[in-house]
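Biologist: I would like to go through this model and hear the reasoning behind each label. Please set the values against the cut-offs as we go.

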Amino acid sequence: MHIAKAFLSVLKRDVTVAFRHRNEIFNPLLFFSLVTLLFPLGIGPSPKLLQTIAPGILWVAALLAALLAADNLFRSDYEDGTLEQLVLSPQPLSLMVTAKVLAHWLVSAVPLLLLTPLLAVSFGLDAPTIGVALLTLLLGTPVLSFVGAIGVALTVSLKRSGMLLALLVLPLYVPVLIFGSNAIDTAASGLPVNGQLYLLAAMLVLAVTLAPLAIAAALKMSVSQ
Amino acid sequence: MAEFFHMGGYALYVWTSFGIAAVVLLLNIVLPLQQHREVLRRAADFHELEGRTKQ
Amino acid sequence: MNSNASHVNSVAMKNPGFFTRWFHRMASPVWFYQISGKLLPWLWVLFAVLLVTGLYGGLVTAPADYQQGDSFRIIYVHVPAAWMSMFVYMVMAVSGAIALIWRMKLAEMVMVSCAPIGAGFTFIALVTGSLWGKPMWGAWWVWDARLTAELILLFLYLGVIGLYSAIEDKRMASRAVAILALVGIVNIPIIHYSVEWWNTLHQGATVTKFDKPSIHIDMLIPLLLMAGAFKVFFAISLLLRTRNELLERELPRQWVKQLVEEKDG
(Lines give C-alpha, C1' and ligand atoms only; values in the text may rest on other atoms or scores of the structure.)
Protein backbone atom coordinates (compact mmCIF):
# COMPACT_ATOMS: atom_id res chain seq x y z
CA MET A 1 0.00 0.00 0.00
CA HIS A 2 2.79 2.32 1.00
CA ILE A 3 4.76 1.45 -2.13
CA ALA A 4 1.73 1.93 -4.37
CA LYS A 5 1.30 5.39 -2.87
CA ALA A 6 4.93 6.30 -3.53
CA PHE A 7 4.62 4.95 -7.07
CA LEU A 8 1.57 7.08 -7.75
CA SER A 9 3.05 10.19 -6.23
CA VAL A 10 6.17 9.93 -8.40
CA LEU A 11 3.96 9.39 -11.44
CA LYS A 12 1.74 12.33 -10.57
CA ARG A 13 4.68 14.60 -9.84
CA ASP A 14 6.41 13.87 -13.13
CA VAL A 15 3.27 14.35 -15.20
CA THR A 16 2.54 17.63 -13.41
CA VAL A 17 6.08 18.89 -13.98
CA ALA A 18 5.84 17.96 -17.65
CA PHE A 19 2.59 19.87 -18.02
CA ARG A 20 4.23 22.94 -16.49
CA HIS A 21 7.13 22.87 -18.96
CA ARG A 22 5.14 22.21 -22.09
CA ASN A 23 8.32 21.72 -24.16
CA GLU A 24 8.55 18.18 -22.96
CA ILE A 25 5.22 17.42 -24.56
CA PHE A 26 5.47 19.50 -27.68
CA ASN A 27 9.08 19.00 -28.75
CA PRO A 28 8.81 15.29 -29.56
CA LEU A 29 5.49 15.92 -31.23
CA LEU A 30 6.94 18.65 -33.41
CA PHE A 31 9.98 16.56 -34.21
CA PHE A 32 7.85 13.55 -35.10
CA SER A 33 5.68 15.45 -37.55
CA LEU A 34 8.63 17.34 -39.08
CA VAL A 35 10.65 14.19 -39.73
CA THR A 36 7.61 12.46 -41.18
CA LEU A 37 6.88 15.34 -43.51
CA LEU A 38 10.46 15.58 -44.74
CA PHE A 39 10.19 12.21 -46.47
CA PRO A 40 7.59 13.16 -49.11
CA LEU A 41 9.69 16.25 -49.85
CA GLY A 42 12.82 14.17 -50.23
CA ILE A 43 11.33 11.27 -52.11
CA GLY A 44 8.55 12.80 -54.16
CA PRO A 45 4.78 12.93 -53.84
CA SER A 46 3.94 9.68 -55.67
CA PRO A 47 1.07 8.26 -53.56
CA LYS A 48 1.94 4.67 -54.30
CA LEU A 49 5.55 5.04 -53.22
CA LEU A 50 4.56 6.94 -50.09
CA GLN A 51 2.06 4.25 -49.20
CA THR A 52 4.75 1.56 -49.39
CA ILE A 53 7.26 3.42 -47.28
CA ALA A 54 4.78 4.93 -44.79
CA PRO A 55 5.16 2.15 -42.15
CA GLY A 56 8.91 2.50 -42.13
CA ILE A 57 8.78 6.28 -41.99
CA LEU A 58 6.27 6.35 -39.15
CA TRP A 59 8.34 3.96 -37.09
CA VAL A 60 11.71 5.53 -37.81
CA ALA A 61 10.27 8.93 -36.91
CA ALA A 62 8.78 7.49 -33.72
CA LEU A 63 12.16 5.96 -32.86
CA LEU A 64 14.00 9.24 -33.34
CA ALA A 65 11.36 11.19 -31.44
CA ALA A 66 11.61 8.70 -28.56
CA LEU A 67 15.38 9.09 -28.55
CA LEU A 68 15.13 12.87 -28.54
CA ALA A 69 12.57 12.87 -25.75
CA ALA A 70 14.49 10.33 -23.66
CA ASP A 71 17.38 12.72 -23.22
CA ASN A 72 15.60 14.82 -20.61
CA LEU A 73 14.08 11.85 -18.80
CA PHE A 74 16.44 12.05 -15.81
CA ARG A 75 18.46 15.14 -16.73
CA SER A 76 16.75 17.86 -14.67
CA ASP A 77 16.21 15.49 -11.74
CA TYR A 78 19.89 14.67 -11.82
CA GLU A 79 20.91 18.31 -11.89
CA ASP A 80 18.70 19.46 -9.02
CA GLY A 81 19.43 16.45 -6.81
CA THR A 82 15.96 14.91 -6.89
CA LEU A 83 17.42 11.78 -8.43
CA GLU A 84 19.79 11.32 -5.54
CA GLN A 85 16.88 11.57 -3.11
CA LEU A 86 15.03 8.97 -5.13
CA VAL A 87 18.00 6.61 -5.06
CA LEU A 88 18.36 7.07 -1.30
CA SER A 89 14.66 6.71 -0.57
CA PRO A 90 13.53 3.49 1.17
CA GLN A 91 11.18 2.51 -1.65
CA PRO A 92 12.54 0.02 -4.18
CA LEU A 93 14.28 2.07 -6.83
CA SER A 94 13.28 -0.15 -9.74
CA LEU A 95 9.63 0.49 -8.96
CA MET A 96 10.16 4.23 -8.64
CA VAL A 97 11.93 4.41 -12.00
CA THR A 98 9.07 2.43 -13.52
CA ALA A 99 6.80 5.23 -12.38
CA LYS A 100 9.12 7.82 -13.90
CA VAL A 101 9.37 6.00 -17.22
CA LEU A 102 5.63 5.52 -17.29
CA ALA A 103 5.10 9.24 -16.70
CA HIS A 104 7.60 10.01 -19.42
CA TRP A 105 5.79 7.71 -21.81
CA LEU A 106 2.46 9.32 -20.99
CA VAL A 107 3.65 12.81 -21.77
CA SER A 108 6.02 12.13 -24.66
CA ALA A 109 4.61 9.14 -26.55
CA VAL A 110 0.86 9.32 -26.08
CA PRO A 111 0.64 12.65 -27.95
CA LEU A 112 2.48 10.96 -30.84
CA LEU A 113 -0.17 8.27 -30.88
CA LEU A 114 -2.85 10.92 -31.14
CA LEU A 115 -1.09 12.58 -34.05
CA THR A 116 -0.36 9.35 -35.93
CA PRO A 117 -3.78 8.97 -37.64
CA LEU A 118 -3.37 12.42 -39.15
CA LEU A 119 0.08 11.66 -40.54
CA ALA A 120 -1.02 8.21 -41.70
CA VAL A 121 -3.90 9.72 -43.66
CA SER A 122 -1.48 12.08 -45.39
CA PHE A 123 0.46 9.02 -46.53
CA GLY A 124 -2.71 7.44 -47.89
CA LEU A 125 -3.12 4.57 -45.42
CA ASP A 126 -6.65 3.24 -44.99
CA ALA A 127 -8.60 3.07 -41.73
CA PRO A 128 -7.87 -0.57 -40.71
CA THR A 129 -4.18 -0.05 -41.38
CA ILE A 130 -4.18 3.08 -39.26
CA GLY A 131 -5.76 1.06 -36.48
CA VAL A 132 -2.94 -1.47 -36.68
CA ALA A 133 -0.37 1.33 -36.80
CA LEU A 134 -1.81 2.76 -33.59
CA LEU A 135 -1.80 -0.65 -31.97
CA THR A 136 1.86 -1.27 -32.85
CA LEU A 137 2.81 2.16 -31.55
CA LEU A 138 0.81 1.56 -28.39
CA LEU A 139 2.72 -1.67 -27.76
CA GLY A 140 6.07 -0.51 -29.09
CA THR A 141 6.61 3.00 -27.74
CA PRO A 142 6.66 1.89 -24.07
CA VAL A 143 9.45 -0.52 -25.03
CA LEU A 144 11.31 2.40 -26.58
CA SER A 145 10.80 4.44 -23.39
CA PHE A 146 12.04 1.66 -21.11
CA VAL A 147 15.03 0.69 -23.22
CA GLY A 148 15.89 4.33 -23.84
CA ALA A 149 15.76 4.97 -20.10
CA ILE A 150 18.58 2.44 -19.60
CA GLY A 151 20.79 4.42 -21.96
CA VAL A 152 19.83 7.69 -20.32
CA ALA A 153 20.49 6.33 -16.85
CA LEU A 154 23.96 5.23 -17.94
CA THR A 155 24.86 8.58 -19.49
CA VAL A 156 23.01 11.08 -17.30
CA SER A 157 26.16 12.16 -15.46
CA LEU A 158 27.95 13.04 -18.70
CA LYS A 159 27.86 16.54 -20.08
CA ARG A 160 27.50 15.85 -23.78
CA SER A 161 25.78 12.53 -24.13
CA GLY A 162 23.55 12.98 -27.20
CA MET A 163 25.52 11.01 -29.74
CA LEU A 164 26.60 8.38 -27.22
CA LEU A 165 22.98 7.88 -26.20
CA ALA A 166 22.02 7.30 -29.83
CA LEU A 167 24.84 4.79 -30.22
CA LEU A 168 23.81 2.93 -27.07
CA VAL A 169 20.08 2.90 -27.65
CA LEU A 170 19.34 2.76 -31.39
CA PRO A 171 20.78 -0.75 -31.98
CA LEU A 172 18.52 -1.99 -29.19
CA TYR A 173 15.51 -0.44 -30.93
CA VAL A 174 15.98 -2.61 -34.02
CA PRO A 175 13.56 -5.44 -33.10
CA VAL A 176 10.77 -3.00 -32.28
CA LEU A 177 11.33 -1.21 -35.57
CA ILE A 178 11.28 -4.45 -37.54
CA PHE A 179 8.11 -5.89 -36.03
CA GLY A 180 6.31 -2.57 -35.73
CA SER A 181 6.76 -1.41 -39.30
CA ASN A 182 6.26 -4.89 -40.67
CA ALA A 183 2.92 -5.22 -38.89
CA ILE A 184 1.68 -2.02 -40.55
CA ASP A 185 3.05 -3.17 -43.89
CA THR A 186 1.32 -6.54 -43.58
CA ALA A 187 -1.94 -4.92 -42.51
CA ALA A 188 -1.81 -2.63 -45.55
CA SER A 189 -1.84 -5.68 -47.79
CA GLY A 190 -4.82 -7.05 -45.90
CA LEU A 191 -3.13 -9.93 -44.07
CA PRO A 192 -3.52 -10.81 -40.37
CA VAL A 193 -0.90 -9.32 -38.03
CA ASN A 194 -1.53 -11.26 -34.81
CA GLY A 195 1.97 -12.72 -34.84
CA GLN A 196 3.73 -9.39 -34.96
CA LEU A 197 1.45 -7.90 -32.30
CA TYR A 198 2.06 -10.84 -29.96
CA LEU A 199 5.80 -10.46 -30.44
CA LEU A 200 5.61 -6.74 -29.71
CA ALA A 201 3.54 -7.51 -26.62
CA ALA A 202 6.15 -10.06 -25.53
CA MET A 203 8.88 -7.45 -25.93
CA LEU A 204 6.81 -5.04 -23.88
CA VAL A 205 6.46 -7.57 -21.05
CA LEU A 206 10.18 -8.28 -21.18
CA ALA A 207 11.04 -4.58 -21.16
CA VAL A 208 8.70 -3.76 -18.28
CA THR A 209 10.04 -6.59 -16.14
CA LEU A 210 13.77 -6.40 -16.85
CA ALA A 211 14.53 -2.81 -17.87
CA PRO A 212 13.67 -1.25 -14.45
CA LEU A 213 16.36 -3.40 -12.82
CA ALA A 214 18.97 -2.19 -15.31
CA ILE A 215 17.76 1.41 -15.02
CA ALA A 216 17.95 1.27 -11.22
CA ALA A 217 21.46 -0.21 -11.28
CA ALA A 218 22.61 2.38 -13.81
CA LEU A 219 21.12 5.26 -11.83
CA LYS A 220 22.83 4.09 -8.65
CA MET A 221 26.09 4.06 -10.58
CA SER A 222 25.49 7.51 -12.09
CA VAL A 223 24.45 9.13 -8.82
CA SER A 224 27.44 7.77 -6.89
CA GLN A 225 29.85 9.68 -9.09
CA MET B 1 52.72 -21.41 -57.31
CA ALA B 2 51.32 -18.70 -59.56
CA GLU B 3 48.10 -20.65 -59.67
CA PHE B 4 47.97 -20.62 -55.88
CA PHE B 5 48.19 -16.84 -55.79
CA HIS B 6 45.70 -16.57 -58.63
CA MET B 7 42.99 -18.28 -56.52
CA GLY B 8 40.97 -19.29 -59.55
CA GLY B 9 40.38 -15.68 -60.51
CA TYR B 10 39.25 -14.63 -57.05
CA ALA B 11 42.69 -13.48 -55.93
CA LEU B 12 41.58 -9.93 -55.18
CA TYR B 13 38.76 -11.00 -52.86
CA VAL B 14 40.51 -13.87 -51.14
CA TRP B 15 43.81 -12.10 -50.49
CA THR B 16 42.18 -8.85 -49.45
CA SER B 17 40.07 -10.78 -46.94
CA PHE B 18 43.06 -12.58 -45.48
CA GLY B 19 45.10 -9.39 -45.55
CA ILE B 20 42.56 -7.29 -43.69
CA ALA B 21 42.05 -10.04 -41.14
CA ALA B 22 45.82 -10.24 -40.64
CA VAL B 23 46.11 -6.47 -40.19
CA VAL B 24 43.31 -6.32 -37.62
CA LEU B 25 44.70 -9.27 -35.67
CA LEU B 26 48.19 -7.82 -35.78
CA LEU B 27 46.93 -4.50 -34.45
CA ASN B 28 45.30 -6.39 -31.60
CA ILE B 29 48.75 -7.62 -30.60
CA VAL B 30 50.94 -4.64 -31.44
CA LEU B 31 48.80 -2.03 -29.69
CA PRO B 32 48.63 -3.87 -26.35
CA LEU B 33 52.38 -4.55 -26.49
CA GLN B 34 53.06 -0.88 -27.12
CA GLN B 35 50.73 0.05 -24.29
CA HIS B 36 52.52 -2.46 -22.07
CA ARG B 37 55.90 -0.80 -22.61
CA GLU B 38 54.30 2.55 -21.99
CA VAL B 39 52.66 1.50 -18.71
CA LEU B 40 55.90 -0.07 -17.45
CA ARG B 41 57.78 3.11 -18.28
CA ARG B 42 55.25 5.21 -16.41
CA ALA B 43 55.36 2.82 -13.46
CA ALA B 44 59.16 3.11 -13.39
CA ASP B 45 58.95 6.90 -13.48
CA PHE B 46 56.34 6.92 -10.75
CA HIS B 47 58.28 4.72 -8.35
CA GLU B 48 61.57 6.45 -9.03
CA LEU B 49 59.98 9.80 -8.25
CA GLU B 50 58.37 8.39 -5.12
CA GLY B 51 61.65 6.89 -3.96
CA ARG B 52 63.37 10.22 -4.35
CA THR B 53 60.71 12.21 -2.50
CA LYS B 54 60.88 9.77 0.42
CA GLN B 55 64.61 10.20 0.95
CA MET C 1 26.14 -8.36 18.34
CA ASN C 2 28.78 -6.55 16.41
CA SER C 3 31.71 -8.45 17.91
CA ASN C 4 29.83 -11.68 17.36
CA ALA C 5 29.45 -10.94 13.70
CA SER C 6 33.10 -10.06 13.29
CA HIS C 7 34.03 -13.28 15.10
CA VAL C 8 32.00 -15.33 12.64
CA ASN C 9 33.59 -13.38 9.85
CA SER C 10 37.13 -14.06 11.05
CA VAL C 11 36.39 -17.78 11.37
CA ALA C 12 35.15 -17.79 7.82
CA MET C 13 38.30 -16.05 6.75
CA LYS C 14 40.51 -18.58 8.52
CA ASN C 15 38.81 -21.63 7.08
CA PRO C 16 37.73 -20.69 3.58
CA GLY C 17 36.37 -23.43 1.37
CA PHE C 18 38.22 -24.50 -1.70
CA PHE C 19 36.04 -22.39 -3.96
CA THR C 20 36.45 -19.23 -1.91
CA ARG C 21 40.19 -19.73 -1.78
CA TRP C 22 40.37 -20.22 -5.53
CA PHE C 23 38.14 -17.21 -6.02
CA HIS C 24 40.34 -14.96 -3.90
CA ARG C 25 43.45 -16.12 -5.66
CA MET C 26 41.80 -15.49 -9.01
CA ALA C 27 41.08 -12.00 -7.82
CA SER C 28 44.64 -11.38 -6.66
CA PRO C 29 46.39 -9.15 -9.16
CA VAL C 30 49.92 -10.40 -8.55
CA TRP C 31 48.88 -13.99 -8.94
CA PHE C 32 47.07 -13.24 -12.16
CA TYR C 33 49.99 -11.27 -13.54
CA GLN C 34 52.46 -14.06 -12.86
CA ILE C 35 50.29 -16.91 -14.10
CA SER C 36 49.31 -15.09 -17.28
CA GLY C 37 52.95 -14.28 -17.94
CA LYS C 38 53.81 -17.97 -17.72
CA LEU C 39 50.84 -18.98 -19.82
CA LEU C 40 51.43 -16.59 -22.72
CA PRO C 41 54.38 -18.36 -24.43
CA TRP C 42 52.41 -21.63 -24.50
CA LEU C 43 49.44 -19.87 -26.01
CA TRP C 44 51.68 -18.37 -28.68
CA VAL C 45 52.97 -21.82 -29.63
CA LEU C 46 49.46 -23.24 -29.75
CA PHE C 47 48.30 -20.31 -31.85
CA ALA C 48 51.16 -20.71 -34.33
CA VAL C 49 50.50 -24.44 -34.76
CA LEU C 50 46.75 -23.98 -35.26
CA LEU C 51 47.23 -21.04 -37.60
CA VAL C 52 49.80 -22.69 -39.83
CA THR C 53 47.92 -25.98 -40.14
CA GLY C 54 44.62 -24.17 -40.57
CA LEU C 55 45.95 -21.86 -43.26
CA TYR C 56 47.70 -24.67 -45.08
CA GLY C 57 44.59 -26.82 -44.98
CA GLY C 58 42.31 -23.99 -45.98
CA LEU C 59 44.35 -22.41 -48.72
CA VAL C 60 46.20 -25.40 -50.15
CA THR C 61 44.75 -28.82 -49.43
CA ALA C 62 41.02 -28.06 -49.29
CA PRO C 63 39.48 -28.54 -52.76
CA ALA C 64 37.88 -25.56 -54.47
CA ASP C 65 34.13 -25.37 -54.01
CA TYR C 66 32.23 -26.72 -57.03
CA GLN C 67 29.95 -23.68 -57.06
CA GLN C 68 31.99 -20.83 -55.67
CA GLY C 69 35.43 -21.88 -56.84
CA ASP C 70 38.30 -20.59 -54.75
CA SER C 71 36.32 -17.62 -53.42
CA PHE C 72 34.84 -19.93 -50.77
CA ARG C 73 38.24 -19.89 -49.03
CA ILE C 74 37.20 -16.58 -47.48
CA ILE C 75 35.16 -18.81 -45.17
CA TYR C 76 38.38 -19.53 -43.24
CA VAL C 77 38.53 -16.00 -41.90
CA HIS C 78 34.90 -14.95 -42.19
CA VAL C 79 33.23 -17.71 -40.22
CA PRO C 80 35.76 -17.93 -37.35
CA ALA C 81 35.62 -14.14 -37.01
CA ALA C 82 31.81 -14.20 -36.98
CA TRP C 83 31.80 -16.94 -34.35
CA MET C 84 34.32 -15.09 -32.24
CA SER C 85 32.38 -11.82 -32.48
CA MET C 86 29.51 -13.53 -30.65
CA PHE C 87 31.71 -15.49 -28.28
CA VAL C 88 33.65 -12.41 -27.15
CA TYR C 89 30.43 -10.58 -26.38
CA MET C 90 29.37 -13.54 -24.26
CA VAL C 91 32.67 -13.52 -22.37
CA MET C 92 32.28 -9.79 -21.89
CA ALA C 93 28.75 -10.11 -20.50
CA VAL C 94 29.65 -13.01 -18.19
CA SER C 95 32.62 -11.15 -16.75
CA GLY C 96 30.37 -8.10 -16.49
CA ALA C 97 27.93 -10.12 -14.40
CA ILE C 98 30.77 -11.38 -12.18
CA ALA C 99 32.05 -7.83 -11.82
CA LEU C 100 28.62 -6.54 -10.81
CA ILE C 101 27.72 -9.34 -8.42
CA TRP C 102 31.02 -9.96 -6.63
CA ARG C 103 32.67 -6.60 -7.30
CA MET C 104 35.67 -8.51 -8.62
CA LYS C 105 38.15 -6.08 -10.11
CA LEU C 106 39.82 -8.62 -12.33
CA ALA C 107 36.48 -9.44 -13.98
CA GLU C 108 36.03 -5.72 -14.69
CA MET C 109 39.37 -5.58 -16.44
CA VAL C 110 38.67 -8.71 -18.48
CA MET C 111 35.32 -7.27 -19.52
CA VAL C 112 36.79 -3.95 -20.55
CA SER C 113 39.57 -5.67 -22.48
CA CYS C 114 37.06 -7.76 -24.42
CA ALA C 115 35.37 -4.85 -26.19
CA PRO C 116 38.09 -3.73 -28.64
CA ILE C 117 38.99 -7.33 -29.50
CA GLY C 118 35.36 -8.19 -30.13
CA ALA C 119 34.93 -5.09 -32.26
CA GLY C 120 37.97 -6.18 -34.27
CA PHE C 121 36.51 -9.64 -34.92
CA THR C 122 33.18 -8.10 -35.88
CA PHE C 123 34.92 -5.75 -38.26
CA ILE C 124 36.76 -8.67 -39.89
CA ALA C 125 33.50 -10.61 -40.25
CA LEU C 126 31.82 -7.61 -41.87
CA VAL C 127 34.59 -6.76 -44.32
CA THR C 128 35.25 -10.35 -45.36
CA GLY C 129 31.52 -10.95 -45.69
CA SER C 130 31.34 -8.01 -48.03
CA LEU C 131 34.39 -9.22 -49.97
CA TRP C 132 32.80 -12.64 -50.24
CA GLY C 133 29.49 -11.15 -51.29
CA LYS C 134 30.92 -9.24 -54.23
CA PRO C 135 31.80 -12.28 -56.38
CA MET C 136 28.80 -14.27 -55.09
CA TRP C 137 26.01 -11.73 -55.19
CA GLY C 138 27.58 -9.18 -57.50
CA ALA C 139 27.28 -6.46 -54.86
CA TRP C 140 29.53 -5.26 -52.05
CA TRP C 141 26.71 -5.11 -49.61
CA VAL C 142 23.55 -7.15 -49.47
CA TRP C 143 21.14 -6.94 -46.54
CA ASP C 144 21.81 -10.53 -45.67
CA ALA C 145 20.67 -11.58 -42.19
CA ARG C 146 24.11 -12.47 -40.93
CA LEU C 147 25.81 -9.35 -42.28
CA THR C 148 23.09 -7.09 -40.91
CA ALA C 149 23.27 -8.74 -37.50
CA GLU C 150 27.05 -8.35 -37.52
CA LEU C 151 26.65 -4.67 -38.33
CA ILE C 152 24.33 -4.17 -35.37
CA LEU C 153 26.76 -6.11 -33.19
CA LEU C 154 29.55 -3.77 -34.27
CA PHE C 155 27.46 -0.83 -33.08
CA LEU C 156 26.86 -2.60 -29.76
CA TYR C 157 30.62 -2.99 -29.33
CA LEU C 158 31.23 0.63 -30.30
CA GLY C 159 28.64 1.65 -27.71
CA VAL C 160 30.52 -0.25 -25.01
CA ILE C 161 33.83 1.32 -26.04
CA GLY C 162 32.27 4.77 -26.27
CA LEU C 163 30.63 4.51 -22.85
CA TYR C 164 33.82 3.30 -21.19
CA SER C 165 35.91 6.12 -22.63
CA ALA C 166 33.25 8.76 -21.87
CA ILE C 167 33.18 8.17 -18.10
CA GLU C 168 36.28 9.49 -16.37
CA ASP C 169 36.28 7.36 -13.24
CA LYS C 170 37.30 3.95 -14.53
CA ARG C 171 35.60 1.95 -11.78
CA MET C 172 32.34 3.75 -12.47
CA ALA C 173 32.88 3.27 -16.18
CA SER C 174 33.37 -0.45 -15.61
CA ARG C 175 30.09 -0.71 -13.76
CA ALA C 176 28.30 1.19 -16.51
CA VAL C 177 29.82 -1.08 -19.14
CA ALA C 178 28.87 -4.18 -17.16
CA ILE C 179 25.23 -3.07 -17.06
CA LEU C 180 25.31 -2.25 -20.76
CA ALA C 181 26.88 -5.60 -21.64
CA LEU C 182 24.19 -7.44 -19.70
CA VAL C 183 21.45 -5.45 -21.40
CA GLY C 184 23.14 -6.27 -24.71
CA ILE C 185 23.33 -9.99 -24.05
CA VAL C 186 19.60 -10.11 -23.31
CA ASN C 187 18.94 -8.20 -26.52
CA ILE C 188 21.27 -9.99 -28.92
CA PRO C 189 19.08 -13.09 -29.34
CA ILE C 190 16.05 -10.87 -29.89
CA ILE C 191 17.93 -8.77 -32.44
CA HIS C 192 19.21 -11.88 -34.20
CA TYR C 193 15.81 -13.47 -34.36
CA SER C 194 14.12 -10.32 -35.62
CA VAL C 195 16.78 -9.63 -38.23
CA GLU C 196 16.55 -13.19 -39.50
CA TRP C 197 12.79 -12.98 -39.64
CA TRP C 198 12.96 -9.63 -41.41
CA ASN C 199 15.44 -11.04 -43.89
CA THR C 200 13.51 -14.16 -44.88
CA LEU C 201 10.45 -11.99 -45.27
CA HIS C 202 11.97 -9.46 -47.61
CA GLN C 203 14.43 -11.62 -49.50
CA GLY C 204 12.03 -14.42 -50.29
CA ALA C 205 13.62 -17.13 -52.37
CA THR C 206 17.21 -15.90 -52.33
CA VAL C 207 18.92 -18.43 -50.15
CA THR C 208 21.97 -17.09 -48.43
CA LYS C 209 24.96 -18.81 -49.86
CA PHE C 210 26.87 -18.68 -46.60
CA ASP C 211 24.77 -21.39 -45.03
CA LYS C 212 25.70 -24.60 -46.78
CA PRO C 213 23.63 -27.61 -45.83
CA SER C 214 26.71 -29.80 -45.72
CA ILE C 215 30.40 -29.15 -45.95
CA HIS C 216 33.06 -31.54 -47.14
CA ILE C 217 35.31 -32.93 -44.42
CA ASP C 218 38.46 -31.63 -46.14
CA MET C 219 36.92 -28.17 -45.97
CA LEU C 220 35.60 -28.59 -42.44
CA ILE C 221 38.84 -29.58 -40.68
CA PRO C 222 40.75 -26.43 -41.69
CA LEU C 223 37.71 -24.39 -40.65
CA LEU C 224 37.79 -25.91 -37.18
CA LEU C 225 41.55 -25.39 -36.98
CA MET C 226 41.14 -21.73 -37.92
CA ALA C 227 38.33 -21.37 -35.39
CA GLY C 228 40.67 -22.78 -32.76
CA ALA C 229 43.43 -20.41 -33.84
CA PHE C 230 41.08 -17.44 -33.52
CA LYS C 231 40.01 -18.58 -30.09
CA VAL C 232 43.60 -18.89 -28.86
CA PHE C 233 44.34 -15.53 -30.43
CA PHE C 234 41.52 -14.05 -28.41
CA ALA C 235 42.98 -15.54 -25.23
CA ILE C 236 46.40 -14.03 -26.03
CA SER C 237 45.10 -10.59 -26.87
CA LEU C 238 42.76 -10.64 -23.87
CA LEU C 239 45.58 -11.53 -21.50
CA LEU C 240 47.82 -8.83 -22.94
CA ARG C 241 45.15 -6.18 -22.59
CA THR C 242 44.04 -7.31 -19.15
CA ARG C 243 47.65 -7.25 -17.91
CA ASN C 244 47.98 -3.66 -19.13
CA GLU C 245 44.74 -2.67 -17.50
CA LEU C 246 45.91 -4.30 -14.29
CA LEU C 247 49.26 -2.47 -14.29
CA GLU C 248 47.50 0.76 -15.05
CA ARG C 249 45.15 0.48 -12.10
CA GLU C 250 47.72 -0.91 -9.66
CA LEU C 251 50.50 1.44 -10.70
CA PRO C 252 51.35 2.79 -7.20
CA ARG C 253 51.39 -0.69 -5.58
CA GLN C 254 54.43 -2.38 -4.17
CA TRP C 255 54.34 -5.38 -6.49
CA VAL C 256 54.44 -3.13 -9.53
CA LYS C 257 57.46 -1.40 -8.00
CA GLN C 258 59.20 -4.73 -7.55
CA LEU C 259 58.30 -5.71 -11.09
CA VAL C 260 59.77 -2.54 -12.55
CA GLU C 261 62.92 -2.84 -10.44
CA GLU C 262 63.46 -6.43 -11.53
CA LYS C 263 63.16 -5.34 -15.13
CA ASP C 264 65.69 -2.54 -14.67
CA GLY C 265 68.13 -4.42 -12.49
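**Reasoning through the chains**

Modeller: Along its sequence, chain A runs α-α-α-α-α-α-α-α-α-α. The model is a predicted one. Chain A holds 10 helices and 0 strands.

Biologist: How do you know whether chain A is a compact globule or spread out?

Modeller: A compact globule of 225 residues would have a radius of gyration near 17 Å, and chain A has 18 Å, so the value agrees with a compact globule. The C-alpha trace of chain A spans about 55 × 35 × 30 Å along its principal axes. Of the 225 residues in chain A, 47% are buried. Among chain A contacts between residues at least 6 apart in sequence, 82% join residues at least 24 apart.

Biologist: What makes chain B count as more spread out than a compact globule?

Modeller: Chain B has 2 helices and 0 strands. For 55 residues the globule rule gives 10 Å, but the radius of gyration of chain B is 22 Å, well over that value, so chain B is more spread out than a compact globule. Its C-alpha atoms fill a box of roughly 70 × 15 × 10 Å along the principal axes. Of the 55 residues of chain B, 18% count as buried.

Biologist: Why is A:Gly190 called exposed?

Modeller: A residue is exposed if 12 or fewer other C-beta atoms lie within 10 Å of its own. A:Gly190 has 9 such neighbours, so A:Gly190 counts as exposed. A:Gly190 sits in the loop between helix H9 (162–188) and helix H10 (194–223) of chain A. From A:Gly190 to A:Leu164 is 26 residues in sequence and 40 Å in space, C-alpha to C-alpha.

Biologist: Is C:Phe233 buried or exposed, and why?

Modeller: The cut-off for buried is 20 or more other C-beta atoms within 10 Å. C:Phe233 has 23 C-beta neighbours inside 10 Å, and therefore counts as buried. The residue lies in helix H8 (residues 217–249) of chain C. Leaving aside neighbours within four places in sequence, C:Phe233 is in contact with B:Leu25 and C:Phe47. C:Phe233 and C:Phe121 are 112 residues apart in sequence, yet 11 Å apart in space, C-alpha to C-alpha.

Biologist: What is noted about the phi of C:Arg103?

Modeller: Most residues other than glycine have a negative phi. The phi of C:Arg103 is near 55°, a positive value in a residue other than glycine. C:Arg103 is in the loop between helix H4 (75–102) and H5 of chain C. With 12 other C-beta atoms within 10 Å, C:Arg103 is exposed; the cut-off for exposed is 12 or fewer.

Biologist: How do you know what span to expect for H5(C)?

Modeller: The expected span is 1.5 Å times one less than the number of residues. Helix H5 (residues 105–137) of chain C has 33 residues, for which 48 Å is expected, and reaches 47 Å from its first C-alpha to its last, close to that value. H5(C) bends by about 25° at C:Ala115, with a proline, C:Pro116, following within four residues. After H5(C) comes C:Gly138, with a positive phi near 80°.

Biologist: Where does H3(A) bend?

Modeller: The bend in H3(A) is at A:Ile53 and is about 50°; a proline, A:Pro55, follows within four residues. Helix H3 (residues 47–70) of chain A has 24 residues and reaches 33 Å, close to the 34 Å expected.

Biologist: Which pair of chains shares the most contacts?

Modeller: Chains B and C do, out of the 2 pairs of chains in contact. Contact here requires C-beta atoms within 7 Å. By that test 25 residues of chain B meet 34 residues of chain C. The chain B side of this contact has 17 nonpolar, 7 polar and 1 charged residues. Chain A and chain B do not touch, and their nearest C-alpha atoms are 23 Å apart.

Biologist: What makes up the contact between chains C and A?

Modeller: Chain C brings 23 residues and chain A brings 19. On the chain C side, H7(C) gives the most, with 13 residues. That side divides into 17 nonpolar, 4 polar and 2 charged residues.

Biologist: Which residues touch the most other members of the largest nonpolar core?

Modeller: A:Ala149, A:Ala218 and C:Ile179 do, in a core of 153 residues. Not counting residues up to four places away in sequence, A:Ala149 touches residues including A:Ala70, A:Val97 and A:Ile215.

Key: Residues are numbered from 1 along each chain as its sequence is written. Chains are lettered from A and ligands numbered from 1 in the order in which they are written. This is a predicted model: local features need pLDDT of at least 70, side-chain atom pairs count only at pLDDT 80 or more; totals for chains, interfaces and linings use all residues. A nonpolar core is a set of buried Ala, Val, Leu, Ile, Met, Phe, Trp, Tyr and Cys residues joined through C-beta atoms within 7 Å. Ala, Val, Leu, Ile, Met, Phe, Trp, Tyr, Cys and Pro count as nonpolar, Asp, Glu, Lys and Arg as charged, and the others, Gly among them, as polar. The radius of gyration is taken over C-alpha atoms; the globule rule is 2.2 Å times the number of residues to the power 0.38. The bend at a residue is the angle between axes fitted to the seven residues ending there and the seven starting there.
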